[in-house]
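Dear colleague,

I am handing over the structure we talked about, and below it I set out what was found. Please read the notes with the coordinates open beside them.

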2 protein chains.
Amino acid sequence: MAKSAKTATRNLPRYSVPNLVGTPPRSVGLKTLAEHLKLSVATVSRVLTGAPAAKSIPKVTQDRVFAAAAEMKYRPNVVARSLRKQQSMTIGVMLPEVSEGYATLVLSGVEERLMEADYFYFVVSHHHRAEMIERCQHMLLDRAVEGLIAIDTPLIHRATVPTVTVSGHHEPEGVTNILLDHNRAAALAIDHLHRLGHREIAFIKGQEFSSDTDARWEGIRLAMSARGLRIAPQLVARLEGAAPTHDPGYAATRRLLAARKPFTALFAFNDVSAIGAIRAFREAGLHVPEDVSVVGFDDVHSAAYQNPALTTVRQPLHRMGMLAASQVLDQIGPARLPAVQQIVVSPELVVRESTCPPRAGYAVLGKPSR
Amino acid sequence: MAKSAKTATRNLPRYSVPNLVGTPPRSVGLKTLAEHLKLSVATVSRVLTGAPAAKSIPKVTQDRVFAAAAEMKYRPNVVARSLRKQQSMTIGVMLPEVSEGYATLVLSGVEERLMEADYFYFVVSHHHRAEMIERCQHMLLDRAVEGLIAIDTPLIHRATVPTVTVSGHHEPEGVTNILLDHNRAAALAIDHLHRLGHREIAFIKGQEFSSDTDARWEGIRLAMSARGLRIAPQLVARLEGAAPTHDPGYAATRRLLAARKPFTALFAFNDVSAIGAIRAFREAGLHVPEDVSVVGFDDVHSAAYQNPALTTVRQPLHRMGMLAASQVLDQIGPARLPAVQQIVVSPELVVRESTCPPRAGYAVLGKPSR
DNA sequence: CAGCGTTAGGCAAACGATTGCATGACCCAA
DNA sequence: TTGGGTCATGCAATCGTTTGCCTAACGCTG
């Protein structure tokens, strides 16, 4: 009893004042600094920020100012500065959720680039709920972000600040969209399977809310018909549910198997669902790639470490993040570059162990290929 | 000339320019609203914020104010508010890097909890560089964050705001530390292997910069000796390099194999390295779990979807993130609860497919077990 | 009717910076 | 001597809120 009470007091951070928990010590401001230097705050500010008017201030004075600032550990109050200059040095990032995989990889690119520019960012996740997207956008604007990056997030309204989307489709005009060349991506995958000899190919389509779904599907249709291949309706399953885990891919694959239409290869919507698919195949007693080949999408870190290592279409996610950040920065920077409409990046096929030629005369479910 | 000079001096954002991308329209402030209502800004502010002084303002007036605010789409300027109230409604999160896995899962918990409280957060990653940690801490404090959450980040100095660490060790006093019961975690894993019949167990230790490394190792030593098992120095490898990928685990395992000291099970530092290890085993022609059992740590989403599915010690990362956020919020909230020293959460063993009894008389490398 | 408590709301000072416009001193040319 | 130009610096407004203190009117009590 006494002990616990003691522990509690002991845990208080102890500033010199009795009960100051969490109260930051009054830090020196421009005012204090100016008084100490016997100069006006204006002058001090100009020197410290290197304002143009500082040119007329003699070097000796400048040095005094810098020295004092360093000595007194002056740190500018960014909130006050933001208010006055009307710029927050902050941008907002919207994404479906903070989780392993896609959005996170893009985010790491965004962060890298922003940090170089001394910009910070807020992250909000909307879990694919449309009304949340609206709300998030508002909240970020309320927070005075200077720009917005929306990752896999369908925007409805154009914001009042420069906005760039990563993998957005049908975006309001004026927003820059960074996207993958989905036609080429599909062509790479289909071509690979086709060359290996696959003809009956199954597909896992993305969730309807995912911005990439339609473009990718279109790419697949093009690629298939260009090679004279037909897409059998029974061989396409759609990811259901918003969970950012492997479950939807697993479930979709089970549906595919239940349809009992033979196929020798599967092209999944992303690596995460491909991994779910592989598990579903294993449980059905099928071997990847001997019985069925699997191609993923994205090339997340763990793809190379799957068993079998995943053949996949790599999306340069980190770079897309950097590009997105660069774009907003360019648009809000002093140059105020106008928004470009879109930036298309190229996919790359990474062949690993989950694909191989189909067994002669054999297709999934043990039925002879037609 | 004169004209351009003039334009330059008033380097105002130019609203009338044709291409309007990103120029925020002058939004209505308290001032405008007050004029429109023929009231003072003070009154309007009090009504809108529900300040105590608003009690003496008659309902009719209040309704008028609310109506006008809604109609004119008034949105308070949070920067100004922050400046005045000296609180930013923002907390700072420090982590090694934004990547798949550990930190991200914790982050998702943090975000969930913060969002409920209308707090936003800044994320900075320091890539394990000590001087970056210092710098990040400073930058966040400069940004007026009200609290700090440090994930797997060794803090050197105590900040002036409430701070909580997730998996921190030897933290400066006054910071709340949220950590796993590593002794129990190790006991769970070792006990599992021991019961299966394993005696020669190899280990992958964490990188030296990882806060969990020491505590976990201590737990392992305890658990091993409690069961009368010896840790052979040749059977412990350390993760090298900061890369948040599977490579270090892969490399460590190869070193283990190169040491040619037989073992029948491996306890890896985390799931990511366990996955790397499994790949190394496969390349060496060994099967998991028949030839060698593997236990991971963390239970990241993909653990259940590995092939074989990973037996692992689950760390409630999401919950730890929520706890961390709750703690800071409690400490900066109106109640100003004092910091508790630490919160210990419990691990859980998840048995899947990567472990099984050792083959009789057989250990890795084909040498007979001693 | 003096005095006081309540009600309804306004004034103006913060918060901590940035910046347009003065100002006063100095120098130099006309 | 006057006028104009550069130098070195200061004054004070501004960014959009919040909030301590003030006032003026009203109603009530003794």
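A helix axis is here a line fitted to C-alpha atoms over the stretch in contact, and the angle between two axes runs from 0 to 180 degrees between their N-to-C directions. Please keep in mind throughout that this is a predicted model.

With that definition in hand, I begin with a helix pair in chain B, where the axes of helix H8 (residues 182-196) and helix H9 (residues 212-226) come within 8 Å and cross at roughly 50°. Because angles of 65 to 115 degrees count as roughly perpendicular and those under 35 degrees as roughly parallel, H8(B) is oblique to H9(B). The crossing of H8(B) past H9(B) is right-handed. On the H8(B) side the contact includes His182(B), Asn183(B) and Ile190(B), which meet a set of residues in H9(B) that includes Arg216(B), Leu222(B) and Met224(B). Sorted by class, the contact of H8(B) with H9(B) has 9 nonpolar, 3 polar and 1 charged residues.

In chain A, helix H10 (residues 247-258) packs against H11(A) at an angle of about 50°, with the axes 7 Å apart, and this makes H10(A) oblique to H11(A). H10(A) also passes H11(A) in a right-handed crossing. The class count for the contact of H10(A) with H11(A) is 10 nonpolar, 4 polar and 3 charged residues.

Turning to the contact between the two protein chains, chain A and chain B contribute 52 residues each. The side of chain A that touches chain B draws at least two residues from each of H5, helix H6 (102-116), strand E2 (120-125), helix H11 (271-283) and helix H12 (317-332) of chain A. That side of chain A has 25 nonpolar, 19 polar and 8 charged residues. Thr104(A), a residue of helix H6 of chain A, touches Val98(B), Ser99(B), Glu100(B) and Thr104(B), as well as Val98(A) and Ser99(A), when residues up to four places away in sequence are not counted. Thr104(A) counts as buried because it has 26 C-beta neighbours inside 10 Å.

As for the DNA, strand D is surrounded by 28 residues, the closest being Ala42(A), Gly29(B), Leu30(B), Ala42(B) and Asn77(B). Among the elements that give two or more residues to this surface are helix H3 (41-49) of chain A and helix H2 (30-37) of chain B. By class, the surface near strand D has 14 nonpolar, 8 polar and 6 charged residues. DNA strand C is surrounded by 27 residues, of which the closest are Gly29(A), Ala42(A), Asn77(A), Ser40(B) and Ala42(B). The surface near strand C has 13 nonpolar, 9 polar and 5 charged residues.

Finally, some backbone details deserve a look. Most residues other than glycine have a negative phi, and most peptide bonds are trans. A cis peptide bond nevertheless joins Val288(A) and Pro289(A), with omega about 5°, and another joins Asn307(B) and Pro308(B), with omega about 0°. Lys38(A), although not a glycine, has a positive phi of about 55°; Lys38(A) lies in the loop between helix H2 (30-37) and H3 of chain A, and is exposed, with 7 other C-beta atoms within 10 Å. His128(B) has a positive phi near 65° and counts as partly exposed, with 18 C-beta neighbours inside 10 Å.

With best wishes

Conventions: Residues are numbered from 1 along each chain as its sequence is written. Chains are lettered from A and ligands numbered from 1 in the order in which they are written. This is a predicted model: local features need pLDDT of at least 70, side-chain atom pairs count only at pLDDT 80 or more; totals for chains, interfaces and linings use all residues. A residue is near a molecule or strand if its C-beta atom, placed from the backbone, lies within 6 Å of it. Helices (H or I, at least four residues) and strands (E, at least two) are DSSP runs, numbered from the N terminus. Ala, Val, Leu, Ile, Met, Phe, Trp, Tyr, Cys and Pro count as nonpolar, Asp, Glu, Lys and Arg as charged, and the others, Gly among them, as polar. Two residues are in contact if their C-beta atoms, placed from the backbone, lie within 7 Å. A residue is buried if 20 or more other C-beta atoms lie within 10 Å of its own, exposed if 12 or fewer, and partly exposed in between; C-beta atoms are placed from the backbone. Angles under 35 degrees count as roughly parallel, over 145 as roughly antiparallel, 65 to 115 as roughly perpendicular and the rest as oblique. A crossing is left-handed if the near helix is turned anticlockwise from the far one by less than a right angle, and right-handed if clockwise.
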